[in-house]
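Open the model in your viewer and keep the selection box handy. We will go from stop to stop, and at each one you will hear what to pick and what to look for.

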Amino acid sequence: DRYVEGKWVSFGGAFYDNFYRDTHMVHRDFGDFVRFWAAVDDGCVHPACILIAGEDGDGRIHVVQEWYERGHTHGEIADVAERLHEHYNCESWAPDPSAAGLREELMRRSLPVVDADNDRYVTSRLLYDALQPGPDGSPRLTIEPTIRMLPLELESIEPHPTKNEPRKTSTADGSVDPRTGEPIAGGMDHAHDALRYLLSAIPGM
């Protein structure tokens with residue numbers, strides 16, 4: 001494992017070397033979940049991201065929806081959050097801790113806003129551990145196959161060369177793989193950060 005004796009150890013390659021699409025990208029039914037959680041990473045020039053995750057009766061977390069767009073004001077992002085909340089009735093909304101204006105707009109719409117932890121070391125360990133297989137061989141965290149940017153980012157995030165935490169790669173925002181037409185997530189960590197905030201706000205994680 002990358003977490004060794006109290007430290008994140010860089011072996012090269014992807015930071016989340018325990019993320020596998022064939023294991024973590026699975027479909028689950030809406031009725032599987034007893035509650036929902038949400039988080040928002042701020043962005044305007046760069047994309048903003050909202051993630052919604054369901055939690056089942058065994059405490060397993062499944063990312064069910066991703067909204068990932070650039071060019072929106074805090075008010076417009078909060079409007080999207082309000083519409084999603086009407087559908088999912090989330091237990092809490094964990095906004096980007098550095099985005100006071102976004103937090104204010106969410107609260108203005110009476111969403112249940114909570115504080116997210118932005119300690120990259122702590123929350124990245126939380127995410128890494130959630131991807132690990134449990135006693136039954138299944139990971140605690142899975143992702144709906146329709147989610148596009150989160151898995152791309154998990155595959156591109158790399159270990160920081162001097163700190164015990166992940167970092168985004170230096171590829172320019174919005175780059176596209178000419179072979180596939182898919183976005184290259186290098187230089188992007190918006191869905192990744194939203195997932196860190198989301199997991200940090202779930203009691204018992």
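**First stop: the cysteines**

Select Cys90: with a relative accessible area of 4% it is buried, a word used here for under 20% relative accessible area, with exposed meaning over 50% and partly exposed in between (1.4 Å probe, protein chains only). Cys49 is buried as well, at 0%. How many disulfides does the count come to? Zero, taking a disulfide as a pair of cysteine sulfur atoms within 2.5 Å.

A word on the ground rules: this is a predicted model, where local features need pLDDT of at least 70 and side-chain atom pairs count only at pLDDT 80 or more, while totals for chains, interfaces and linings use all residues. Residues are numbered from 1 along each chain as its sequence is written, and side-chain values use heavy atoms, leaving out hydrogens and water.

**Second stop: strand S3**

Now select residues 33–41, strand S3; seven of its nine residues are buried, so the rest of the structure largely encloses this strand. Helices (H or I, at least four residues) and strands (E, at least two) are DSSP runs, numbered from the N terminus. Add strand S4, residues 48–56: S3 and S4 pair in the antiparallel sense over eight bridges, where pairing requires that DSSP finds at least two bridges between two strands. A hairpin of six residues links S3 to S4. Next, show strand S6 (residues 93–95), which runs parallel to S3 and is joined to it by three bridges. Put Ala39 in the centre of the view: opposite it stand Leu51 in S4 and Ala94 in S6.

**Third stop: His192**

Move to helix H6, residues 190–200, and pick His192. At 0% relative accessibility, His192 counts as buried. Its side chain makes a polar contact of 2.7 Å with that of Tyr16; such a contact is a pair of N or O atoms within 3.5 Å, and within protein one must be able to donate a hydrogen and the other to accept it, with residues adjacent in sequence counting only if both atoms are side-chain atoms. Draw a distance from the C-alpha atom of His192 to that of Leu152, 40 residues apart along the chain, and you get 9.5 Å.

**Last stop: the nonpolar cores**

Which residues have the most contacts inside the largest nonpolar core? Tyr16 and Leu150, in a core of 36 residues; a nonpolar core is a set of buried Ala, Val, Leu, Ile, Met, Phe, Trp, Tyr and Cys residues joined through side-chain atoms within 4.5 Å. H6 gives the largest share of this core, six residues. Another core, of 22 residues, lies apart from it and includes Phe33 and Leu84.
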